[in-house]
Amino acid sequence: MISKWRHSTAHKLIFPNTKEKKFYNFSKANAFGCIAYVYQSWGNLDSAIIFSDSCVALAKQIGDMETLASALNNLGVIHNYKGDIASALKCYEKSYQLQDSLGSKKGAAMALNNIALIYRSQGDISKALNYHIKSLKISEEIKDAYSMGHAYNNIGIIYREQGEFKKGMEYFHK
C-alpha cells in the first residue's frame, strides 16, 4: 500500500499536469527511436526492432503522428536489412500514408523512394520506376536537392539495368 502511494505521489510530483506527461512521452518515444537507430548501426537488428516497436507504440498512444510516420519508415529499413521484405513494404506504405496525410512532402518522398527500392529488389521494375518518379516529382516540387539526387540516381540505375544507357546517363547527370 505504501509503495503504491509513493508511486502515485511521485507521479503527481513529476507530472503535475497532462501537458508535461505528454512532453515526457514524446521525448521517450523519440529516445526509443534514437536507441533503435544506434542498435541498427551496430548491426543488432533484433534490438533495433524492439526499440522501434516501442517508439511506434508510444507514438500511437500519444497521437504523435509525425514521430509515428518517421518511426514506421525507420522500422521498414530495419526489416529490409533483416530480409523481411513484406514487413518492410508494409511499414513504408504506412509511413507514406501518414506522411501524405500530414502534408510532409519530404517524408512522403522518402517513403516512396524506399517502396521503389523494395520493388526493384523484387524485380518489379515497372512499379519501382513509377514510385521513383512519384518521389522525384514531390522532391522537385519542394526543391529538396538531396531527395532529388536519390531519385535521379535510382531512376538512372533502373534505366542502366534495363540497357537504356543513354536514358540512364541523362538521370545520372541531373
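Okay, disulfides. How many does a search of the whole structure find? The count comes back as 0. And remember as we go that this is a predicted model, so every value here is computed from predicted atoms.

Let's look at the cysteines anyway. Cys34 is in no disulfide, and the nearest cysteine sulfur to Cys34's is the one in Cys55, 8.4 Å away. Now turn it around and stand on Cys55. Why is there no bond from there? Because the closest cysteine sulfur, in Cys34, is 8.4 Å from the sulfur of Cys55, and that's too far. A disulfide would need the two sulfurs within 2.5 Å. Is Cys55 buried or exposed, by the way? Cys55 counts as buried, because its relative accessibility is 4%.

Right, the overall layout. How many helices and how many strands do we have? There are 9 helices and 0 strands. So if you read the elements off from the N terminus, you just say alpha nine times over: α-α-α-α-α-α-α-α-α. The protein has 174 residues, and 38% of them count as buried. The accessible surface is about 10,500 Å², with 57% of that belonging to carbon and sulfur atoms. And if you take the contacts between residues at least 6 apart in sequence, 44% of them link residues at least 24 apart.

Next, confidence. The mean pLDDT for the protein is 88, and 88% of the residues get to 70 or more. Which element comes out lowest, and which highest? Helix α1, residues 2-14, has the lowest mean at 43, while helix α5, residues 85-102, has the highest at 97. Across residues 1-14 the pLDDT is below 50, and that stretch makes 2 contacts in the model beyond near neighbours in sequence. Where pLDDT is low, the predicted coordinates shouldn't be read in detail. I'll leave that end alone, then.

On to the inside. The largest nonpolar core has 18 residues, and the ones touching the most other members are Val56, Leu58, Leu68, Leu72, Leu75, Ile78 and Leu98. Which elements give two or more residues to this core? Those are α2 (18-42), α3 (45-62), α4 (65-82) and α5. Helix α3 gives the most, with 8 residues. There's another core apart from this one, with 17 residues, including Ala88, Ile115, Ile118 and Met148. Back in the largest core, pick out Leu68 on your screen: not counting residues up to four places away in sequence, Leu68 touches Val56, Ala59, Lys60 and Leu98.

Let's spend a minute on α5. This helix has 18 residues and spans 25 Å from first C-alpha to last, close to the 26 Å expected at 1.5 Å a residue. Its buried residues are Ala88, Leu89, Cys91, Tyr92, Ser95, Leu98 and Gln99. What covers them? The cover includes α4 and α6 (105-121).

Glu93 also lies in helix α5. Glu93 counts as partly exposed, because its relative accessibility is 30%. Which residues does Glu93 touch, once you skip those up to four places away in sequence? Ile115 and Tyr119. Its C-alpha is also 9.6 Å from that of Ala108, which is 15 residues away along the chain. Then, just after α5, Gly103 takes a positive phi of about 80 degrees.

There's a positive phi in a residue other than glycine, too: Lys143, near 55 degrees. Where is Lys143? In the loop between α7 (125-141) and α8 (145-161). Lys143 counts as exposed, because its relative accessibility is 69%.

Step into α8 and you'll find Ile158. Buried or exposed, what do you reckon for Ile158? Buried, because its relative accessibility is 0%. Leaving aside neighbours within four places in sequence, Ile158 is in contact with Arg120, Ile125, Ala128, Leu129 and His132. Take Arg120 from that list. Ile158 and Arg120 are 38 residues apart along the chain, yet their C-alpha atoms are separated by 8.0 Å.

That's my tour. Have a go at finding Leu68, Glu93 and Ile158 yourselves. Thanks!

Methods
Residues are numbered from 1 along each chain as its sequence is written. This is a predicted model: local features need pLDDT of at least 70, side-chain atom pairs count only at pLDDT 80 or more; totals for chains, interfaces and linings use all residues. Side-chain values use heavy atoms; hydrogens and water are left out. pLDDT is the predictor's confidence in each residue, from 0 to 100. Helices (H or I, at least four residues) and strands (E, at least two) are DSSP runs, numbered from the N terminus. Contact means heavy atoms within 4.5 Å. Buried means under 20% relative accessible area, exposed over 50%, partly exposed in between (1.4 Å probe, protein chains only). Accessible areas come from the Shrake-Rupley method with a 1.4 Å probe; for residues, only the protein chains shown count as cover. A nonpolar core is a set of buried Ala, Val, Leu, Ile, Met, Phe, Trp, Tyr and Cys residues joined through side-chain atoms within 4.5 Å. The expected span of a helix is 1.5 Å times one less than its number of residues.
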